[in-house]
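User: Please take a close look at one part of this structure, the salt bridges and the strands that carry them. I would like one connected account.

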Amino acid sequence: MSPARGLPPSPFQAPEIRSAPSPGESFALPARDTSVATARHRTRVQLYGWGLSSSTSDTAQLIVSELVTNAILHTHSSQVRCLLWSSGQFLRIEVADEGAGPARGPVGVADSDQEHGRGLLLLDALAARWGVISPDRRAGCTVWAELPAH
(Lines give C-alpha, C1' and ligand atoms only; values in the text may rest on other atoms or scores of the structure.)
Protein backbone atom coordinates (compact mmCIF):
# COMPACT_ATOMS: atom_id res chain seq x y z
CA MET A 1 0.00 0.00 0.00
CA SER A 2 1.38 3.40 -0.90
CA PRO A 3 0.08 6.40 1.04
CA ALA A 4 -0.94 9.22 -1.26
CA ARG A 5 -0.36 6.89 -4.19
CA GLY A 6 3.10 8.35 -4.62
CA LEU A 7 1.89 11.96 -4.58
CA PRO A 8 2.96 14.65 -2.11
CA PRO A 9 0.47 15.85 0.48
CA SER A 10 -1.84 18.52 -0.83
CA PRO A 11 -2.46 22.00 0.58
CA PHE A 12 -2.83 21.31 4.30
CA GLN A 13 0.49 20.67 6.01
CA ALA A 14 -0.38 21.65 9.57
CA PRO A 15 -0.32 18.72 12.02
CA GLU A 16 -3.19 20.22 14.00
CA ILE A 17 -6.53 21.29 12.61
CA ARG A 18 -7.32 24.76 13.90
CA SER A 19 -10.06 25.92 11.57
CA ALA A 20 -11.40 24.95 8.20
CA PRO A 21 -10.98 27.10 5.11
CA SER A 22 -14.23 28.24 3.60
CA PRO A 23 -16.23 26.23 2.68
CA GLY A 24 -15.15 23.94 5.46
CA GLU A 25 -16.14 22.39 8.75
CA SER A 26 -13.88 21.54 11.67
CA PHE A 27 -14.97 19.81 14.87
CA ALA A 28 -13.50 18.00 17.86
CA LEU A 29 -15.00 14.92 19.46
CA PRO A 30 -14.07 12.97 22.58
CA ALA A 31 -12.01 9.86 21.86
CA ARG A 32 -14.88 7.46 22.62
CA ASP A 33 -16.49 4.80 20.44
CA THR A 34 -19.76 6.78 20.32
CA SER A 35 -17.91 9.60 18.54
CA VAL A 36 -17.63 7.52 15.36
CA ALA A 37 -21.38 7.76 14.73
CA THR A 38 -21.33 11.48 15.56
CA ALA A 39 -18.50 12.10 13.09
CA ARG A 40 -20.38 10.16 10.40
CA HIS A 41 -23.56 12.17 11.06
CA ARG A 42 -21.78 15.52 10.98
CA THR A 43 -20.09 14.52 7.72
CA ARG A 44 -23.41 13.51 6.14
CA VAL A 45 -25.12 16.75 7.19
CA GLN A 46 -22.22 18.96 6.03
CA LEU A 47 -21.84 17.31 2.63
CA TYR A 48 -25.60 17.44 2.06
CA GLY A 49 -25.46 21.16 2.82
CA TRP A 50 -22.70 21.60 0.24
CA GLY A 51 -24.78 19.74 -2.34
CA LEU A 52 -22.28 16.95 -2.87
CA SER A 53 -23.55 13.69 -4.38
CA SER A 54 -24.82 10.86 -2.22
CA SER A 55 -22.03 8.69 -3.63
CA THR A 56 -19.37 11.16 -2.46
CA SER A 57 -21.14 11.50 0.88
CA ASP A 58 -21.35 7.73 1.41
CA THR A 59 -17.65 7.29 0.60
CA ALA A 60 -16.68 10.22 2.83
CA GLN A 61 -18.73 8.84 5.74
CA LEU A 62 -16.99 5.48 5.42
CA ILE A 63 -13.55 7.13 5.35
CA VAL A 64 -14.39 9.33 8.35
CA SER A 65 -15.62 6.25 10.25
CA GLU A 66 -12.41 4.36 9.55
CA LEU A 67 -10.10 7.26 10.41
CA VAL A 68 -11.91 8.22 13.62
CA THR A 69 -12.06 4.57 14.68
CA ASN A 70 -8.32 4.17 14.05
CA ALA A 71 -7.54 7.35 16.01
CA ILE A 72 -9.62 6.14 18.96
CA LEU A 73 -8.40 2.54 18.96
CA HIS A 74 -4.72 3.06 18.22
CA THR A 75 -3.77 6.24 20.08
CA HIS A 76 -3.97 7.55 23.61
CA SER A 77 -5.98 10.62 22.66
CA SER A 78 -8.54 12.44 24.75
CA GLN A 79 -10.09 13.94 21.63
CA VAL A 80 -10.08 13.50 17.87
CA ARG A 81 -10.34 16.48 15.51
CA CYS A 82 -11.99 16.26 12.11
CA LEU A 83 -11.84 18.61 9.15
CA LEU A 84 -13.97 18.56 6.02
CA TRP A 85 -13.12 20.96 3.23
CA SER A 86 -14.39 21.26 -0.33
CA SER A 87 -12.58 23.17 -3.04
CA GLY A 88 -15.30 22.43 -5.57
CA GLN A 89 -12.99 19.96 -7.33
CA PHE A 90 -12.14 17.72 -4.40
CA LEU A 91 -13.24 16.96 -0.87
CA ARG A 92 -10.50 16.91 1.74
CA ILE A 93 -10.98 14.90 4.96
CA GLU A 94 -8.54 15.14 7.86
CA VAL A 95 -8.63 13.34 11.18
CA ALA A 96 -6.06 14.39 13.79
CA ASP A 97 -5.25 12.56 17.00
CA GLU A 98 -3.08 13.32 20.02
CA GLY A 99 -1.16 10.05 19.89
CA ALA A 100 2.51 9.29 19.40
CA GLY A 101 2.37 9.34 15.60
CA PRO A 102 2.11 6.53 13.08
CA ALA A 103 3.64 3.17 13.86
CA ARG A 104 6.81 2.32 12.00
CA GLY A 105 7.01 -0.72 9.79
CA PRO A 106 4.84 -2.27 7.11
CA VAL A 107 1.09 -2.34 7.30
CA GLY A 108 -0.08 -5.92 7.53
CA VAL A 109 -2.91 -7.47 5.61
CA ALA A 110 -5.67 -8.98 7.74
CA ASP A 111 -6.50 -12.65 7.43
CA SER A 112 -9.96 -13.46 6.07
CA ASP A 113 -11.20 -14.51 9.53
CA GLN A 114 -10.05 -11.33 11.35
CA GLU A 115 -12.54 -8.61 12.24
CA HIS A 116 -10.02 -5.75 12.16
CA GLY A 117 -7.03 -4.64 10.13
CA ARG A 118 -8.51 -3.52 6.83
CA GLY A 119 -9.05 0.21 7.48
CA LEU A 120 -6.01 1.55 5.62
CA LEU A 121 -6.55 -0.91 2.78
CA LEU A 122 -10.09 0.40 2.50
CA LEU A 123 -8.81 3.98 2.60
CA ASP A 124 -6.34 3.20 -0.19
CA ALA A 125 -9.13 1.72 -2.31
CA LEU A 126 -11.62 4.58 -1.76
CA ALA A 127 -9.54 7.75 -1.73
CA ALA A 128 -8.04 9.41 -4.80
CA ARG A 129 -5.07 10.35 -2.58
CA TRP A 130 -4.26 9.98 1.10
CA GLY A 131 -1.38 10.33 3.49
CA VAL A 132 -0.18 10.97 7.02
CA ILE A 133 1.19 14.19 8.45
CA SER A 134 3.28 13.62 11.56
CA PRO A 135 5.68 16.38 12.60
CA ASP A 136 7.33 14.20 15.23
CA ARG A 137 6.58 11.12 17.30
CA ARG A 138 5.25 13.15 20.27
CA ALA A 139 2.74 15.45 18.59
CA GLY A 140 0.10 13.12 17.22
CA CYS A 141 -0.65 12.79 13.57
CA THR A 142 -3.19 13.74 10.96
CA VAL A 143 -4.43 11.25 8.39
CA TRP A 144 -5.90 12.93 5.34
CA ALA A 145 -7.80 11.71 2.31
CA GLU A 146 -9.09 13.39 -0.83
CA LEU A 147 -12.07 12.44 -3.00
CA PRO A 148 -13.37 14.00 -6.19
CA ALA A 149 -16.17 16.39 -5.19
CA HIS A 150 -19.21 15.81 -7.34
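Analyst:

**Salt bridges and the strands around them**

A search of the whole structure finds four salt bridges. The model is a predicted one.

Begin with the pair that stands outside the network described below. Glu25 and Arg42 join their side chains in a salt bridge, at 2.7 Å from N to O. This pair links distant parts of the chain: Glu25 belongs to strand 1 (residues 24–30), Arg42 to helix 1 (residues 34–49), and 17 residues separate them. Arg42 is partly exposed, with a relative accessibility of 30%.

Now the network. Salt bridges link Arg92, Glu94, Arg129 and Glu146. Two of its contacts can be followed through Glu146.

The side chain of Glu146 meets that of Arg92 in a salt bridge, 3.0 Å from N to O. Glu146 sits in strand 5 and Arg92 in strand 3, so this contact ties together parts that lie 54 residues apart in sequence. Glu146 also meets Arg129 in a salt bridge, again 3.0 Å from N to O. Arg129 is in strand 4 (residues 129–133), so here the pair with Glu146 of strand 5 ties together parts 17 residues apart in sequence.

Are these charged residues buried or exposed? Glu146 is buried, at 6% relative accessible area. Arg92 is buried too, at 0% relative accessibility. Arg129 has 16% and also counts as buried. The cut-off for buried is under 20%, so the 16% of Arg129 falls within it. The 30% of Arg42 makes that residue partly exposed instead.

Next, the strand that holds Arg92 and Glu94. Strand 3 covers residues 90–96; seven of its seven residues are buried, so the rest of the structure largely encloses it. Both of its faces are covered. On one side lie Phe90, Arg92, Glu94 and Ala96. On the other lie Leu91, Ile93 and Val95. Arg92 and Glu94 of the network thus share one side of the strand.

What does strand 3 pair with? Strand 2 (residues 79–86) pairs with strand 3 in the antiparallel sense, over six bridges. Within strand 2, Trp85 stands opposite Arg92 of strand 3. Three residues lie between the two strands of this hairpin, and Gly88 takes a positive phi near 100° there. Strand 5 (residues 142–148) also runs antiparallel to strand 3, joined by seven bridges. There, Trp144 is the bridge partner of Glu94.

Strand 5 has another neighbour. Strand 4 runs antiparallel to strand 5, and five bridges join them. Trp130 has Ala145 of strand 5 as its bridge partner.

Put the strands together. They form an open sheet of five strands in the order 1-2-3-5-4, with antiparallel pairing. Strand 1 and strand 4 are the edge strands, each pairing on one side only. From one strand to the next the twist averages 15°. Helix 2 packs on this sheet and touches strand 2, strand 3 and strand 5; the helix direction makes about 15° with that of strand 3.

The nonpolar surroundings follow from here. The largest nonpolar core has 26 residues, and Ile63, Val68, Ile93 and Leu123 touch the most other members. Strand 1, helix 1, helix 2 (54–74), strand 2, strand 3 and strand 5 each supply at least two residues. Helix 2 gives the most, with seven. Ile93 is on the side of strand 3 that also has Leu91 and Val95. Ile63 touches Ile93, Leu123, Leu126, Ala127, Ala145 and Leu147, leaving aside residues up to four places away in sequence. Ala145 in this list is the bridge partner of Trp130.

One last check concerns the cysteines. How many disulfides does a search of the whole structure find? It finds zero. Cys82 is buried, at 2% relative accessible area. Cys141 is buried as well, at 7% relative accessibility.

In short, the network of Arg92, Glu94, Arg129 and Glu146 includes two residues on one side of the buried strand 3. Glu146 of strand 5 reaches Arg92 in strand 3 and Arg129 in strand 4.

Definitions and conventions:
Residues are numbered from 1 along each chain as its sequence is written. This is a predicted model: local features need pLDDT of at least 70, side-chain atom pairs count only at pLDDT 80 or more; totals for chains, interfaces and linings use all residues. Side-chain values use heavy atoms; hydrogens and water are left out. Buried means under 20% relative accessible area, exposed over 50%, partly exposed in between (1.4 Å probe, protein chains only). Helices (H or I, at least four residues) and strands (E, at least two) are DSSP runs, numbered from the N terminus. Two strands pair if DSSP finds at least two bridges between them. A nonpolar core is a set of buried Ala, Val, Leu, Ile, Met, Phe, Trp, Tyr and Cys residues joined through side-chain atoms within 4.5 Å. Contact means heavy atoms within 4.5 Å. Axes are lines fitted to C-alpha atoms, for helices over the stretch in contact, and angles run from 0 to 180 degrees between N-to-C directions. A disulfide is a pair of cysteine sulfur atoms within 2.5 Å.
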